[in-house]
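Subject: Structure for you to look at

Hello,

Here is the structure we talked about. Please open it next to this message and follow along.

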Amino acid sequence: MGIRTDMAVEAHELSRGEAKEIDGVKLESLAHGSITRTVVDILDDNGARTLGKMKGRYVTIDAPDLKHSSDDYEKVCTMLANELREMCGNSKTTLVVGLGNRAITPDALGSEVVDKLLITSHIKKHMPDVFDENYSNVSAIAPGVMGTTGIETVEIVKGVIDTVRPDTVIAIDALAGADINRVTTSIQIADTGIAPGSGVGNHRNGLNEDSLGVKVIAVGVPTVIAAELLGGENLADEFKSLMVTTNDIDMIIKRMSKTVANGINMALHKNLSLKEAEELVG
């Protein structure tokens, strides 16, 4: 393809060309008012090679009005919760991993999400009467990046898994997109795990079931796009390798981290409403 994107739906659009279908890939899309849910199922090795993605299910929720609409915020939280419940299955213990660099705003989604989660593992262990069986066992970490820790993220997560023994890991990360209309307005949920930094060409060891030994669900939001996709032929060569973001990224990260966090909260804690999640976490 030649264009970097972490979004399977965009990889499908870029790979398809004039063809209506891609062998080994199934796509379904349905509009819910202003919100669109698109599912890309990569079924075999041919589909994986064509899209440059691992085999598995990728669900994209496109919500162009999310940052301005309280109704869409509530709908996306609920849709995200439903997707995560289905992918998590009967998991009772979950580790949420907030990837990225807290000091760089477009890359701070993971750590911001962790700050807004309803964490219960320590309370259920030491004060079991506080939360009933409707609240699952949830722990979380924001391990930072190798440039500040000197340790591969996957090694940090492995160490925590050895202690926590989760049924499922949910990994949160900022993504790189190829369509400016999806940057900061879409959420991708995948049952394939995640490769931190891959969208910006900084490949790190992946967080997936093969590397961690447990089911890994990835949730990501595209927060950057390659400058060359916006500047075209008029962009000077020295700028074509840059990744750029929107001028309201501070507000976007706050909004999207709240949306993702409450989708996770509602998914992992049975019968928890959005209002209750907001009251408990703030």
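Which residues have the most contacts inside the largest nonpolar core? Keep in mind that this is a predicted model. That core has 39 residues, and those with the most contacts inside it are I170, I172, I187, I189, V219, V260 and I264.

Several elements build this core. At least two residues each come from β2, β3, α3 (70–88), α4 (109–115), β6, β7, β8 (215–226) and α10. The most is given by α10, with 10 residues. V260 is a good place to start looking: leaving aside its neighbours within four places in sequence, V260 is in contact with L80, V113, I172, I187, V219 and V221. There is also a second, separate core of 29 residues, which includes V9, A11, I22 and L175.

Next, the strands. Strand β3 (residues 56–62) has six buried residues out of seven, so β3 is largely enclosed by the rest of the structure. β3 pairs with two strands that you can find by number. With strand β2 (residues 35–42), β3 pairs in the antiparallel sense over seven bridges; here D41 stands opposite R57 of β3. With strand β7 (residues 186–190), the pairing of β3 is also antiparallel, over five bridges. In that pairing, T60 has Q188 of β7 as its bridge partner.

Helix α1 (residues 8–16) is next. Its buried residues are A8, V9, E10, A11 and H12. These buried residues pack against β1 (25–32), β2, α2 (45–51), β3, β6 (168–177) and β7.

How do helices α10 and α11 meet? The axes of α10 (residues 249–268) and α11 (residues 274–281) come within 10 Å and cross at roughly 110°. Angles of 65 to 115 degrees count as roughly perpendicular, and α10 and α11 are therefore roughly perpendicular to each other. On the α10 side the contact is made by K258, N262, N265 and M266, and on the α11 side by L274, A277, E278 and V281. By class, these are four nonpolar, two polar and two charged residues.

C77, in helix α3, is linked to both of these helices by contacts. Not counting residues up to four places away in sequence, C77 touches T259, N262, G263, M266 and L274. Is C77 buried or exposed? Its relative accessibility is 0%, so C77 counts as buried. C77 and A267 are 190 residues apart in sequence, but 9.4 Å apart in space, C-alpha to C-alpha.

The last item is a pair of loop residues. M54 is in the loop between α2 and β3, and T192 is in the loop between β7 and α8 (209–212). The two are 138 residues apart along the chain, with their C-alpha atoms separated by 6.5 Å. M54 has 44% relative accessibility and so counts as partly exposed, whereas T192 has 7% and so counts as buried. Leaving aside neighbours within four places in sequence, M54 is in contact with I42, T192 and N208. On the same basis, T192 touches M54, K55, G56, R57, Y58, N208 and V216.

Regards

Key: Residues are numbered from 1 along each chain as its sequence is written. This is a predicted model: local features need pLDDT of at least 70, side-chain atom pairs count only at pLDDT 80 or more; totals for chains, interfaces and linings use all residues. Side-chain values use heavy atoms; hydrogens and water are left out. Axes are lines fitted to C-alpha atoms, for helices over the stretch in contact, and angles run from 0 to 180 degrees between N-to-C directions. Helices (H or I, at least four residues) and strands (E, at least two) are DSSP runs, numbered from the N terminus. Angles under 35 degrees count as roughly parallel, over 145 as roughly antiparallel, 65 to 115 as roughly perpendicular and the rest as oblique. Contact means heavy atoms within 4.5 Å. Ala, Val, Leu, Ile, Met, Phe, Trp, Tyr, Cys and Pro count as nonpolar, Asp, Glu, Lys and Arg as charged, and the others, Gly among them, as polar. Buried means under 20% relative accessible area, exposed over 50%, partly exposed in between (1.4 Å probe, protein chains only). Two strands pair if DSSP finds at least two bridges between them. A nonpolar core is a set of buried Ala, Val, Leu, Ile, Met, Phe, Trp, Tyr and Cys residues joined through side-chain atoms within 4.5 Å.
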